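Subject: Structure handover and findings

Hi,

Here is the structure you asked about. Please load it first, then read the notes below it.

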Amino acid sequence: MSVEFVASSFLPTRWGNFTMHGFIIPETGKEHIALTMGEWDSDEPVLGRIHSECLTGDALFSQRCDCGYQLESAMRRISEQGKGFILYLRQEGRGIGLINKIRAYDLQDQGYDTVAANIKLGFAADMRDFSICQPMLAHLGIHKVRLMTNNPQKIKAMQDAAGIEIVERVPLEVGDNPYNHFYLQTKAKQMGHLLKIDRVEK
């Protein structure tokens, strides 16, 4: 699947000034963006995050997940370091889409966990595609990554499917609250996310 760069622009934020880069997948018309700050050498490991879109968490401040907290924390850490990147991928609800995500939330309200809800709707637990990251990072001149994530499967996907060298995993444990406790438990116990047990065992 090809990924085409479209344009870049200045993006001032609460965490400093970023550059926003737009990309499109011609076959589907799907749009993705990257945020960058600072400069780096071609062989330098760059701090960054691969963040899948979460409208409810990123824009509506939902506390049912930790997505918005992770995005804000990643932007803040990049700003503190003075350089880094975020790939913001339009893969809502682990790839199932916004409306199906709402259906999954309804099932979770009935007692299903995140994984069981997706399966009940006829989807895999995680439908995201990380192969699109490699051409985006190549355009940005990034070949080695210090990845902010708690998800070892994302590291595996980035290395195996996308061919990206991950030199370090940087933990990103933020945003736990009473509303996302069960969600974080599911991430840790069923999806293998590296979260501290005392954080999710309450």
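A nonpolar core is a set of buried Ala, Val, Leu, Ile, Met, Phe, Trp, Tyr and Cys residues joined through side-chain atoms within 4.5 Å. Keep in mind that this is a predicted model.

**Cores**

The largest nonpolar core has 24 residues, and Ile 50 and Leu 87 touch the most other members. Strand S2 (16-25), S4, S5, helix H6 (133-139), strand S6 (144-148) and helix H7 (152-160) each give two or more residues to this core. Another core lies apart from it, with 14 residues, including Leu 35, Leu 71, Met 75 and Tyr 88.

Ile 50 sits in strand S4. Its relative accessibility is 0%, so Ile 50 counts as buried. Beyond four places in sequence, Ile 50 is in contact with Phe 85, Leu 87, Leu 89, Phe 130, Cys 133, Leu 147, Lys 154 and Met 158. Leu 87 has its own set of contacts beyond four places in sequence, among them Ile 33, Ala 34, Arg 49, Ile 50, Met 136 and Leu 140.

**Annotated binding site**

An unreviewed UniProt entry places a "binding site" feature at Arg 49, Ile 50, His 51, Ser 52, Glu 53, Gln 70, Glu 92, Gly 93, Arg 94, Thr 114, Thr 149 and Lys 154. Which of these residues does the lining of the largest cavity include? The lining includes Arg 49, His 51, Ser 52, Glu 53, Gln 70, Glu 92, Gly 93, Arg 94, Thr 114, Thr 149 and Lys 154.

Arg 49 is in strand S4. Arg 49 has a relative accessible area of 5%, so it is buried. The side chains of Arg 49 and Gln 70 make a polar contact at 3.0 Å. Leaving aside neighbours within four places in sequence, the contacts of Arg 49 include Gln 70, Ala 74, Phe 85, Leu 87, Thr 149, Lys 154 and Leu 172.

**Annotated active site**

The UniProt annotation "active site", also from an unreviewed entry, covers Asp 126 and Arg 128. From this set, the lining of the largest cavity takes in Arg 128.

Asp 126 lies in the loop between helix H5 (114-120) and H6. Asp 126 is partly exposed, at a relative accessible area of 29%. Arg 128 is placed in the loop between H5 and H6. Is Arg 128 buried or exposed? At 16% relative accessibility, Arg 128 counts as buried.

A polar contact of 3.4 Å joins the side chains of Arg 128 and Ser 52. Not counting neighbours within four places in sequence, Arg 128 is in contact with Ser 52, Gln 91, Arg 94, Gly 95, Asn 151 and Lys 154.

**Salt bridges**

There are 10 salt bridges in the structure. Side chains of opposite charge can pair when their charged atoms come close.

- Glu 44 pairs with Lys 83, with the closest N and O atoms 2.6 Å apart. Glu 44 is in the loop between strand S3 (30-37) and strand S4 (45-52), and Lys 83 in the loop between helix H2 (67-81) and strand S5 (84-89), so the pair ties together parts 39 residues apart in sequence. Lys 83 is partly exposed, with a relative accessible area of 24%.
- Asp 109 and Arg 64 meet in a salt bridge, 3.1 Å from N to O. This pair links distant parts of the chain: Asp 109 in helix H4 (residues 98-109) and Arg 64 in the loop between helix H1 (55-59) and H2, 45 residues apart. Asp 109 counts as exposed at 56% relative accessibility, while Arg 64 counts as partly exposed at 26%.
- Lys 101 bridges to Glu 92, the closest N and O atoms being 2.6 Å apart. Lys 101 and Glu 92 are both buried.
- Arg 94, Asp 126 and Arg 128 are joined into one network by salt bridges that share partners.

**Helix H8**

In helix H8 (residues 181-190), 7 of the 10 residues are buried, so the helix is largely enclosed by the rest of the structure. The buried residues are His 181, Tyr 183, Leu 184, Gln 185, Thr 186, Lys 187 and Ala 188.

Lys 187 has a relative accessible area of 4%. Beyond four places in sequence, Lys 187 touches Asp 66, Gln 70, Arg 94, Gly 192, His 193 and Leu 195. Gly 192, just after H8, takes a positive phi of about 75 degrees.

Best regards

Definitions and conventions. Residues numbered from 1 in each chain as written. Predicted model: local features only at pLDDT ≥ 70, side-chain atom pairs only at ≥ 80, totals over all residues. Heavy atoms only, no water. Salt bridge = Lys/Arg side-chain N within 4 Å of Asp/Glu carboxyl O. Helix = DSSP H or I, 4+ residues; strand = E, 2+ residues; numbered from the N terminus. Buried < 20%, exposed > 50% of the residue type's maximum accessible area, 1.4 Å probe, protein only. Contact = heavy atoms within 4.5 Å. UniProt positions renumbered as here; feature names shortened; annotations may be inferred. 1 Å grid on protein atoms, 1.4 Å probe; cavity = no way out; pocket = protein on both sides within 12 Å on 5 of 7 lines; lining within 4 Å. Polar contact = N/O pair within 3.5 Å; in protein donor to acceptor, adjacent residues only side chain to side chain.
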